[in-house]
Amino acid sequence: MSKEENTIQHSFIFGKKNYMFMFIGLAVIALGFILMSGGGSDDPNVFNEAIFSTRRIHIAPMVVIIGFAIEVYAILLNPNSDS
């Protein structure tokens, strides 16, 4: 083996900043799905109106979409930029 082969450094595709935004995006997506949960009924013969709450119909899907937008930003962020 030559000296050049020993000094080859493997680098990640994304930088530390990218991974930080990816984890933030995953946390926001998970929060959105947690907000969507619940509202069901244990008895199949009883209908529960709580399934159509504003939190489950409007807020939670918007939180999930914001999380996906953060993920797209994390992927497109240039890891070599100084700012």
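**Helix α2 and its packing against α3**

Helix α2 is followed by Gly38, a residue whose phi is positive, near 90°. The model under discussion is predicted, and the account below proceeds from the geometry of α2 to a buried acidic residue in α3.

Helix α2 comprises residues 16–36. At 1.5 Å a residue, its 21 residues should span 30 Å, and the C-alpha atoms at its ends lie 31 Å apart, so expectation and model agree.

Which residues of α2 are buried? They are Asn18, Met22, Gly25, Val28, Ile29 and Gly32. Because these residues cover an arc of only 125° around the axis, they fall on the same side of α2. The other side of the helix carries Lys16, Phe23 and Ile34, which are exposed. The partner of the buried residues is α3, against which they pack.

Helix α3 spans residues 54–76 and contains Glu71. Beyond its neighbours within four places in sequence, Glu71 is in contact with Phe21, Met22, Gly25, Leu26 and Ile29. Of these contacts, Met22, Gly25 and Ile29 are listed among the buried residues of α2.

What is the charge environment of Glu71? Glu71 is buried yet has no salt bridge. The nearest side chain of opposite charge belongs to Lys17, 16 Å away, whereas a salt bridge would require a separation within 4 Å between a side-chain nitrogen and a carboxyl oxygen. A polar partner is nevertheless present in the backbone: the side chain of Glu71 reaches the backbone nitrogen of Leu26 at 3.0 Å.

Technical notes. Residues numbered from 1 in each chain as written. Predicted model: local features only at pLDDT ≥ 70, side-chain atom pairs only at ≥ 80, totals over all residues. Heavy atoms only, no water. Helix = DSSP H or I, 4+ residues; strand = E, 2+ residues; numbered from the N terminus. Buried < 20%, exposed > 50% of the residue type's maximum accessible area, 1.4 Å probe, protein only. Lys, Arg positive; Asp, Glu negative; His and termini not counted. Polar contact = N/O pair within 3.5 Å; in protein donor to acceptor, adjacent residues only side chain to side chain. Contact = heavy atoms within 4.5 Å. Expected span 1.5 Å × (residues − 1). Arc of directions from axis to C-beta.
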